[in-house]
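This report describes the fold of one protein chain, beginning with its overall make-up and moving on to its sheet, its helices and a few individual residues. Please keep the sequence and the model in view while reading.

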Amino acid sequence: MATWGTRGLRGSTLEEMINVSLEKYREKKLALIQKIPTPIKPIHMDKETGHITLAYFDQRSTVDYIGVVQGVPVCFDAKECASDTIPLQNIHEHQMVFMRDFEQQGGVAFFLLYLSQRDEAYYIPFRDALRFWNRAAEGGRKSFTYAELDQSYRIEGCRGISLHFLCQIQKDLEERSSSSLI
């Protein structure tokens, strides 16, 4: 069993904040977003408890969450980092391809980033993540920094919702609309 501080529970703080926020959104009929379970293939089960003791990932996961916000399809992945340098190694090509395709179908794709040492959360629009990803693919830095985050996308708690990111989705949609008019 994984314990705090091990690889198995990385991102647990962020995931819990997201799940509580999503339940509040559902209760208030603001959004319906679900966690997508990572598919696994059990290899060994404890005969006494019936618990899986050994398994491997059955297939590549796309994103952590998918759903709809006031009629707008959304998908996002959650990332937690303990430093001001955020490595791109935990974002995989198949995730970027899925998010690109999702946006091409009219959806909104993004990352939620929690910087644990700062106790700050950020919404990272797919276009920004793609810029960082492409820079790395072209031989540039394999990470991005706190200084590169758009501070206007910082997420605050509001009205009992610890990670209230609906305003950032709205801001993202507004920025897309204004840039398509240019």
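What follows is a description of a predicted model, taken from the whole chain down to single residues.

**Overall make-up**

The secondary structure of the protein chain consists of 4 helices and 10 strands, and, read from the N terminus, these elements follow one another as α-β-β-β-β-β-β-α-β-β-α-β-β-α. Of the 182 residues in the chain, 35% are buried, and the accessible surface amounts to about 11,000 Å², with 53% of that area belonging to carbon and sulfur atoms. When contacts with a separation of 6 or more are considered, 63% of them join residues that lie 24 or more positions apart.

**The sheet and its central pairings**

Six strands form an open sheet in the order β1-β4-β5-β7-β8-β10, and the pairing within this sheet is mixed. Strands β1 (31–35) and β10 (154–155) stand at the edges with a single partner strand each, so one side of each is left without a neighbour in the sheet.

Strand β7 takes part in two of the pairings described here, and the two differ in sense: with β5 the pairing is parallel and extends over 8 bridges, whereas β7 (residues 108–115) and β8 (residues 120–125) pair in the antiparallel sense over 6 bridges. Individual positions show how the strands are aligned, since V74 stands opposite V108 in β7, while F110 stands opposite P125 in β8 and Y114 stands opposite A121 in β8.

How many of the residues of β7 are buried? The count is 8 of the 8, so this strand is largely enclosed by the rest of the structure. In a regular strand the side chains alternate between the two faces of the sheet. For β7, both faces are covered, with V108, F110, L112 and Y114 buried on one side and A109, F111, L113 and L115 buried on the other.

**Helices against the sheet**

Two helices can be placed with respect to these strands. Helix α1 (residues 12–27) lies across β1, β4 (65–69), β5 (72–81) and β7, and runs at about 155° to β5. Helix α3 (residues 126–137), in turn, lies across β7 and β8, and its direction makes an angle of about 85° with β8.

Helix α1 has 16 residues and reaches 22 Å from its first C-alpha to its last, which is close to the 22 Å expected at 1.5 Å a residue. Its buried residues are S12, L14, M17, I18, S21, L22 and Y25. R26, which also belongs to helix α1, is partly exposed, with a relative accessible area of 41%. Apart from its neighbours within four places in sequence, R26 is in contact with A31 and L32. R26 and V69 are separated by 43 residues in sequence, yet their C-alpha atoms are 9.8 Å apart in space.

Helix α2 (residues 93–104) contains Q95, a residue that is buried, with a relative accessible area of 6%. A polar atom of the Q95 side chain lies 3.1 Å from the backbone oxygen of T62.

**Residues with a positive phi**

Most residues other than glycine have a negative phi, and most peptide bonds are trans. Against that background, the residues in the table deserve a look in the model.

| Residue | Phi | Place |
|---|---|---|
| K29 | near 60° | after α1 |
| Q70 | near 50° | loop between β4 and β5 |
| D119 | about 55° | loop between β7 and β8 |

Are Q70 and D119 buried or exposed? Q70 is exposed, with a relative accessible area of 59%, and D119 is likewise exposed, with a relative accessible area of 52%. The position of D119 also ties this residue to the antiparallel pairing described above, because the hairpin of β7 and β8, which has 4 residues between the strands, is where D119 takes its positive phi.

Definitions and conventions. Residues are numbered from 1 along each chain as its sequence is written. This is a predicted model: local features need pLDDT of at least 70, side-chain atom pairs count only at pLDDT 80 or more; totals for chains, interfaces and linings use all residues. Side-chain values use heavy atoms; hydrogens and water are left out. Two strands pair if DSSP finds at least two bridges between them. Contact means heavy atoms within 4.5 Å. Axes are lines fitted to C-alpha atoms, for helices over the stretch in contact, and angles run from 0 to 180 degrees between N-to-C directions. Buried means under 20% relative accessible area, exposed over 50%, partly exposed in between (1.4 Å probe, protein chains only). Accessible areas come from the Shrake-Rupley method with a 1.4 Å probe; for residues, only the protein chains shown count as cover. A polar contact is a pair of N or O atoms within 3.5 Å; within protein, one must be able to donate a hydrogen and the other to accept it, and residues adjacent in sequence count only if both atoms are side-chain atoms. The expected span of a helix is 1.5 Å times one less than its number of residues.
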